[in-house]
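Colleague: I should like to go through this model with you, one point at a time. Please give the reasoning first and the value or name last.

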Amino acid sequence: TQDLKQIAAKNQKTNPVMAFIKLLSDIFVPLIPALVAGGLLMALDNVLTAQDLFGPRSVIQMVPALKGIEGMVNVMSAAPYVFLPILVGISGAKRFGANQFLGAVVGMMMTAPALAKGGFWNIFGMQVHIQSYTNQVIPALAAVWILSIFEKWFHKHLPQAVDFTFTPLLSVLLTGFLTFVVVGPVMKELSDLLTNGIVWLYDT
């Protein structure tokens, strides 16, 4: 058994595909309970709102007293997916060796309600598109990886007297700037292309 473990560990180090799969597993497996809860709550919401399931009318149409409960269930079911970047930020920060609370902050920045209004930021004459990253996985994963690089670098190079204050500040500031200007838009486009490709394969 010990020999098999050593062989598996060696293959993981030499096989980048397996190493990448292991990385994704370490990040997303802890999120499964939250995603399962959200998915089952969505199923319950569909049971309450779907027509032709128990009759020509939906359950909440037949029992109007359940409408408030359905609205509450709908909010519960959407939460894990709308704020998925926060969950990815926490789990990804742990895997990459960064502060999990800073990872959560990065996810919160990417799902901030102010981003939903759209528009543009004028950054030294450069127009930066304002867009929300709710429900997004790949942009959040890239952002928290960048956070881990900055945080480790500042921990290593800043004097201990200012490390506690300025490492979080500079790590979040630089990560946020790169995320909104470059990483977020590029990774979101990649994510959309991947999603459209999967949908196309399914349809054809």
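Colleague: Is F124 buried or exposed?

Modeller: This is a predicted model, and the answer rests on computed values. F124 has a relative accessible area of 86%. The cut-off for the upper class is over 50%, so F124 is classed as exposed.

Colleague: Where is the place of F124, and what is its phi?

Modeller: F124 lies in the loop between strand 1 (120-123) and strand 2 (126-129). Although F124 is not a glycine, its phi is positive, at about 55°.

Colleague: N135 also has a positive phi although it is not a glycine. How does N135 count in terms of accessibility?

Modeller: The phi of N135 is about 70°, and the residue sits in the loop between strand 2 and helix 8. Its relative accessibility is 45%. Buried requires under 20% and exposed over 50%, so N135 counts as partly exposed.

Colleague: What pattern does the chain follow along the sequence?

Modeller: The chain has nine helices and two strands. Read from the start of the sequence, the order of these elements is α-α-α-α-α-α-α-β-β-α-α.

Colleague: Why is the chain described as more spread out than a compact globule?

Modeller: The C-alpha trace spans about 65 × 60 × 40 Å along its principal axes. For 204 residues the globule rule gives 17 Å, and the chain is well over that value, so it is more spread out than a compact globule; its radius of gyration is 21 Å.

Colleague: What share of the 204 residues is buried, and what share of the accessible surface belongs to carbon and sulfur atoms?

Modeller: Buried residues account for 30% of the chain. The accessible surface comes to about 13000 Å², and the part belonging to carbon and sulfur atoms is 71%.

Colleague: Which helix gives the most to the largest nonpolar core?

Modeller: That core has 21 residues, and V88, F96, M110 and L147 have the most contacts inside it. Helix 2 (16-28), helix 6 (84-96), helix 7 (100-110), helix 8 (138-157) and helix 9 (160-203) each supply at least two of its residues. With five residues, the one that gives the most is helix 8.

Colleague: Which residues does L147 contact, leaving aside its neighbours within four places in sequence?

Modeller: L147 is among the residues with the most contacts inside the largest core. Beyond its neighbours within four places in sequence, its contacts are A98, L102, G103, V106, S171, V172 and T175.

Colleague: Which residues does the second, separate core include?

Modeller: This core consists of five residues. Among them are A142, I146, F150 and V183.

Colleague: Is T167 buried or exposed, and which residues does it contact beyond its neighbours within four places in sequence?

Modeller: T167 belongs to helix 9. Its relative accessible area is 1%, so T167 is buried. With its neighbours within four places in sequence left aside, T167 contacts E151, F154, H155, L158 and V162.

Colleague: How many residues apart in sequence are K94 and V144, and what is their distance in space?

Modeller: K94 is part of helix 6 and counts as exposed, at 61% relative accessibility. K94 and V144 are 50 residues apart in sequence, and their C-alpha to C-alpha distance is 9.7 Å.

Colleague: How far apart do the centres of the positive and negative side chains lie?

Modeller: The chain carries 12 positive and 10 negative side chains. The distance between the centres of these two sets is 10 Å.

Note on methods: Residues numbered from 1 in each chain as written. Predicted model: local features only at pLDDT ≥ 70, side-chain atom pairs only at ≥ 80, totals over all residues. Heavy atoms only, no water. Helix = DSSP H or I, 4+ residues; strand = E, 2+ residues; numbered from the N terminus. Rg over C-alpha atoms; globule rule 2.2 N^0.38 Å. Buried < 20%, exposed > 50% of the residue type's maximum accessible area, 1.4 Å probe, protein only. Areas by Shrake-Rupley, 256 points an atom, 1.4 Å probe, with all protein chains shown as cover. Lys, Arg positive; Asp, Glu negative; His and termini not counted. Charge placed at Lys NZ, Arg CZ, Asp CG, Glu CD. Core = buried A, V, L, I, M, F, W, Y, C linked by side-chain atoms within 4.5 Å. Contact = heavy atoms within 4.5 Å.
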